[in-house]
Amino acid sequence: MKIQSIIINEWRNLLRGNIAKALLGVLLVLAVFAVWQSYQLFAASDRSREAAQQHMRSRFLEQGEVNPHSAAHYGHFVYKPVSTLSVFDQGVNPFTGLSLRLEGHKQNELMFSAANRSSSLIRFGQLDLGLILQLLLPLLIIFVCHDAISRLREQGTLPLMLTQGATLRKLMWGKFLAYWLLWLSFLVVSILVLWVFSATSADADSVLRLLLLFLLYGLFYAMVTAGSIYISALSRTSSAALLPLLFIWLICFILLPKGLANLSEQIHPLTTRLVLDQRIKEDNKNGINGHDPRNERTKKFQDSLLKVHRVDSAAQLPVNLDGLTMQADEEYHNKVYDRHLGNVQQRITSQNRMIAWSSLINPFSGIQSMSMSLAGTDTYHHFHFSERAEGHRRELIRELNLEQAYGGSKTGDWQWKVKADYWQKIRDFHYRSPGVAWAIRHNVPELLSLLLWCAGLFLLINLTANRIKIAR
């Protein structure tokens with residue numbers, strides 16, 4: 001018996017059954033609805049972001065003649081662009097916020113996340129294509145494949161099929177290919193639906209990421225299908241195969257990811273926002289304070305400038321001492337912020353690495369991480385945007401402070417203003433997301449886990465299939 005015959009026969013049996021067709025149909029409807037809903041949210045968010053960005057840029061350019069440091073305190077807003085592939089997997093985006101205020105002396109966090117405007121049900125995850133492909137389709141694979149071999153043993157037809165020239169190994173591979181091609185077809189249709197909605201806003205990097213997502217989920221379904229068929233071959237009855245498979249799904253897909261996340265938080269606990277703000281505030285008290293001339297470090301800094309320029313008072317300086325003091329204040333604040341935020345990011349990275357290496361035990365954790373990474377919606381992409389936005393904030397505040405210092409104003413003259421056309425010289429913030437190679441580098445353990453599990457299951461079928469007892 002040829003493998004092609006086994007595949008065709010299995011497809012015929014699936015077409016005769018109504019349950020598998022109904023479940024696939026329901027999942028396909030859910031997938032289309034999830035893509036449509038996610039794209040509507042993406043499109044509305046993208047339009048709002050673009051309108052807000054243009055509005056804030058216009059206000060920044062048209063603020064007229066004002067003091068540079070007053071403008072620094074007033075600040076400016078930048079907005080996080082949302083990847084087209086967030087329609088596929090929203091990742092951490094609903095929780096991290098969209099807008100960021102850039103102002104002097106202070107580093108803000110992204111604000112106005114979707115989670116802040118939603119009910120507590122968001123903790124269970126929003127319906128998107130990634131959720132369907134990660135949780136629901138593997139459950140369907142289990143229901144369809146659990147009796148792939150055990151059903152034949154129950155019916156007594158397994159020995160008959162083996163006497164016709166087939167081996168159990170060939171039978172398992174034939175059924176594996178029949179089911180796997182079916183899941184790949186479902187995956188292709190889902191991605192084509194996604195492409196129909198988002199093709200107008202996709203770029204070359206998004207296309208490459210989408211292809212890699214297809215390969216990722218294709219390998220994932222190969223692993224789930226191979227494991228289900230192998231357990232079916234080991235089981236005496238179909239129910240004896242279904243129960244352990246459902247138990248594995250519950251443990252690996254629901255309980256372990258939550259448990260590992262909680263364990264990583266216990267091992268690498270995060271500082272609360274209140275404590276973090278207090279620590280930053282305390283450290284800033286020990287540094288230069290541009291608004292307090294009685295500050296000890298401020299006095300030392302100003303005295304050093306007088307000494308360098310060989311003058312006796314700030315009025316004799318050829319520059320505005322206030323602007324330079326403000327910039328020194330800003331640089332000290334930046335060092336304090338980098339140290340504390342670096343500690344927080346390091347702890348989050350340690351949590352992520354712990355979960356990443358745990359994927360060697362539970363490969364599903366790796367699928368979640370790689371899916372978010374390829375969609376550009378994981379914590380690493382969030383950190384990347386935050387760092388670039390903070391870099392722009394520092395350039396902006398430095399430009400304003402130096403204009404205060406060297407633009408022609410005198411020390412103590414806080415009424416001095418720049419000309420209205422000055423704001424045209426300051427570049428706007430343009431964020432460019434990192435490429436797909438950068439994303440993959442952050443998911444090496446997860447990718448290794450998936451490849452090892454697939455290779456291990458394939459070897460297990462090849463080496464042990466023909467040793468499994470036919471009669472139970």
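These legends go with a handful of close-up views of a predicted model.

**View 1. Cysteines without a partner.** Look for disulfides here and you'll come up empty: the structure holds zero of them. Take Cys145. Its closest cysteine sulfur belongs to Cys454, and at 14 Å that is too far for a bond; a disulfide would need the two sulfurs within 2.5 Å. Cys454 is in no disulfide either, as the nearest cysteine sulfur to Cys454, that of Cys252, is 14 Å away. Both residues are tucked out of reach: Cys145 is buried at 0% relative accessibility, and Cys454 is buried as well, at 4%.

**View 2. A salt bridge between sequence neighbours, Arg49 and Glu50.** The model has 13 salt bridges by count, and this is one of them: Arg49 pairs with Glu50, with 3.6 Å between the closest N and O atoms. How do the two partners sit, buried or exposed? Arg49 is buried, with a relative accessible area of 15%, while Glu50 counts as partly exposed at 33%.

**View 3. Arg394 and its two acidic partners.** Start with Asp338, whose side chain meets that of Arg394 in a salt bridge, 2.6 Å from N to O. Asp338 sits in helix α13 (residues 321-358) and Arg394 in helix α15 (residues 379-406), so this pair ties together parts that are 56 residues apart in sequence. Both ends count as partly exposed, Asp338 at 40% relative accessibility and Arg394 at 22%.

Now turn to Glu390, which also bridges to Arg394, this time at 2.7 Å from N to O. Here the two partners lie in one helix, α15, four residues apart, or about one turn of the helix. Glu390 is buried, with a relative accessibility of 11%. Step back and the wider picture appears: salt bridges with shared partners link Glu330, Asp338, Glu390, Arg393 and Arg394 into one network.

**View 4. Helix α14 under cover.** This helix runs over residues 363-375. Its 13 residues reach 18 Å from the first C-alpha to the last, close to the 18 Å expected at 1.5 Å a residue. How many of the residues in α14 are buried? Eleven of the 13, so the helix is mostly covered. Among the buried ones are Phe364, Ile367, Met370 and Leu374. Right after the helix comes Gly376, with a positive phi near 75°.

**View 5. Where α10 crosses α14.** Helix α10 (residues 238-267) and α14 have axes that come within 9 Å and cross at roughly 75°. That makes α10 roughly perpendicular to α14. Which residues do the meeting? On the α10 side they are Cys252, Phe253, Pro257 and Leu260, and on the α14 side Phe364, Ser365 and Gln368. You may remember Cys252 from the first view, where its sulfur was the nearest cysteine sulfur to Cys454. Phe364 and Ser365 also turn up among the buried residues of α14.

**View 6. Asn284 and the residues around it.** You'll find Asn284 in helix α11 (residues 273-285). It is buried, at 17% relative accessible area. Which residues does Asn284 touch, leaving aside neighbours within four places in sequence? The contacts are Tyr332, His333 and Val336.

**View 7. Ala204, out in the open.** Ala204 lies in helix α9 (residues 204-234) and counts as exposed, with 65% relative accessibility. For a sense of scale, try Glu399: Ala204 and Glu399 are 195 residues apart in sequence and 35 Å apart in space, C-alpha to C-alpha.

**View 8. Two loop residues with positive phi, His105 and Arg310.** His105 has a positive phi of about 70° even though it isn't a glycine. Its spot is the loop between β2 (99-103) and β3 (106-107). Arg310 has a phi near 55°, again a positive value in a residue other than glycine, and it sits in the loop between α12 (296-309) and α13. Which of the pair is buried and which is exposed? His105 is buried, at 17% relative accessible area, whereas Arg310 is exposed, at 79%.

Key: Residues are numbered from 1 along each chain as its sequence is written. This is a predicted model: local features need pLDDT of at least 70, side-chain atom pairs count only at pLDDT 80 or more; totals for chains, interfaces and linings use all residues. Side-chain values use heavy atoms; hydrogens and water are left out. Buried means under 20% relative accessible area, exposed over 50%, partly exposed in between (1.4 Å probe, protein chains only). A salt bridge is a side-chain nitrogen of Lys or Arg within 4 Å of a carboxyl oxygen of Asp or Glu. Contact means heavy atoms within 4.5 Å. The expected span of a helix is 1.5 Å times one less than its number of residues. Axes are lines fitted to C-alpha atoms, for helices over the stretch in contact, and angles run from 0 to 180 degrees between N-to-C directions. Angles under 35 degrees count as roughly parallel, over 145 as roughly antiparallel, 65 to 115 as roughly perpendicular and the rest as oblique.
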